[in-house]
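Here's a walk through one protein chain, written for someone who would rather look at the model than read a table of angles. Keep the viewer open as you go.

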Amino acid sequence: MLGVDADLSPHTLYALQGVCDLIEQTSSPFTLLLVTVIPLSHVVTHYPGMYSGHVLPLDTTTRQRNDAAVLLRKASLLCQQRGIHPDNIQEITRVGLAADELARVAREEQASLVVVGTRGALLRQ
């Protein structure tokens, strides 16, 4: 399973290349899950009963869904160019908090390997 960010960043492209390299070396059957997450909207308000940063269950827009589909199609085509058959690629779009949704998909699909990028963030001591 590969988490795909909204702009196919260099980190994601590098991870995609690494996953394709790994798949090229296996003879086992596999399904590559390409997953992107449309983030929830956060609303900052000063109304009673809502705290600052309240997450509202807002519907995604058609544009967000279309953008996610185009993004996953691009990632899928890059994998196909590396020799992965389209039948072995599954594109999944979720809505929510990225970490939660990626973990949920990994659990539901019983993924044996999960690859996500760091966006260049490093652990600091």
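What follows goes from the overall layout to the helices, the cores, a pocket and a few odd residues.

**The overall layout**

First things first: this is a predicted model. The chain has 125 residues, and 29% of them count as buried. Its secondary structure amounts to three helices and five strands, and reading from the N terminus the order is β-α-β-β-β-α-β-α. If you take the contacts between residues at least 6 apart in sequence, 68% of them join residues at least 24 apart.

**Two helices, side by side in a table**

Here are H1 and H2 with their lengths and the arcs covered by their buried residues.

| Helix | Residues in helix | End-to-end C-alpha distance | Arc of buried residues |
|---|---|---|---|
| H1 | 15 residues | 21 Å | 140 degrees |
| H2 | 20 residues | 28 Å | 135 degrees |

Let's take H1 (10-24) to begin with. Its reach of 21 Å is close to the 21 Å expected at 1.5 Å a residue. Which residues of H1 are buried? They are Thr12, Ala15, Leu16, Val19, Cys20 and Ile23. These buried residues cover an arc of only 140 degrees around the axis, so they sit on the same side of H1. A bit of background helps here: an α-helix has 3.6 residues a turn, so residues three or four places apart point the same way. On the other side of H1 you'll find Pro10 and Tyr14, both exposed. As for partners, the buried residues of H1 pack against strand E1 (2-3), E2 and H2.

H2 (62-81) can be read in the same manner. At 1.5 Å a residue, its 20 residues should span 28 Å, and the end C-alpha atoms are indeed 28 Å apart, which agrees. The buried residues in H2 are Ala68, Leu71, Leu72, Ala75, Ser76 and Cys79. Seen down the axis, they fall within an arc of 135 degrees, so they line one face of the helix. Turned away from that buried side is a face carrying the exposed residues Thr62, Arg63 and Gln81. And what covers the buried residues of H2? The cover includes H1, E2 and strand E5 (89-96). Just after H2, Gly83 takes a positive phi of about 100 degrees.

**The nonpolar cores**

In soluble globular proteins, nonpolar side chains tend to be buried together. In this model, the largest nonpolar core has 17 residues, and the ones that touch the most other members are Leu2, Val4, Val19, Leu32, Leu34, Cys79 and Ile84. H1, strand E2 (32-39) and H2 are the elements that give two or more residues to this core, and the largest share, five residues, comes from H1.

Val4 is a good one to click on. Leaving out residues up to four places away in sequence, Val4 touches Thr12, Leu34, Val35, Thr36, Leu71, Leu72 and Ala75. There's also a second, separate core of eight residues, with Met1, Leu33, Val105 and Ala106 among them.

**A pocket**

The second largest pocket holds about 360 Å³ of space. Of the 17 residues lining this pocket, Met1, Phe30, Thr31, Ser112 and Leu113 are the closest to its centre. H1 and E2 are the elements that give two or more residues to the lining, with the largest share, three residues, coming from H1.

Two of those names are worth pairing up. Ser112 and Phe30 are 82 residues apart along the chain, and their C-alpha atoms are separated by 9.9 Å. Ser112 belongs to the segment after H3; with a relative accessible area of 81%, Ser112 is exposed.

**A few residues to look up**

Is Glu101 buried or exposed? At 10% relative accessibility, under the 20% cut-off, Glu101 counts as buried. Glu101 lies in helix H3 (residues 98-109) and touches Val37, Arg94, Val95 and Gly96, again not counting residues up to four places away in sequence.

Leu8 has a positive phi of about 45 degrees although it is not a glycine. You'll find Leu8 in the loop between E1 and H1, where it is buried, with a relative accessible area of 14%. Gln110 also isn't a glycine, and its phi is positive, near 55 degrees. Gln110 lies in the segment after H3 and, at 69% relative accessibility, counts as exposed.

How values were computed: Residues are numbered from 1 along each chain as its sequence is written. This is a predicted model: local features need pLDDT of at least 70, side-chain atom pairs count only at pLDDT 80 or more; totals for chains, interfaces and linings use all residues. Side-chain values use heavy atoms; hydrogens and water are left out. A nonpolar core is a set of buried Ala, Val, Leu, Ile, Met, Phe, Trp, Tyr and Cys residues joined through side-chain atoms within 4.5 Å. Buried means under 20% relative accessible area, exposed over 50%, partly exposed in between (1.4 Å probe, protein chains only). Helices (H or I, at least four residues) and strands (E, at least two) are DSSP runs, numbered from the N terminus. Contact means heavy atoms within 4.5 Å. The expected span of a helix is 1.5 Å times one less than its number of residues. The arc is that of the directions from the helix axis to the C-beta atoms. On a 1 Å grid over the protein atoms alone, a cavity is a set of points where a 1.4 Å probe fits but cannot get out, and a pocket is an open set with protein on both sides within 12 Å along at least five of seven lines; lining residues have an atom within 4 Å of a point. Grid points are joined across faces, edges and corners, and a volume is the space filled by probe spheres set on the points.
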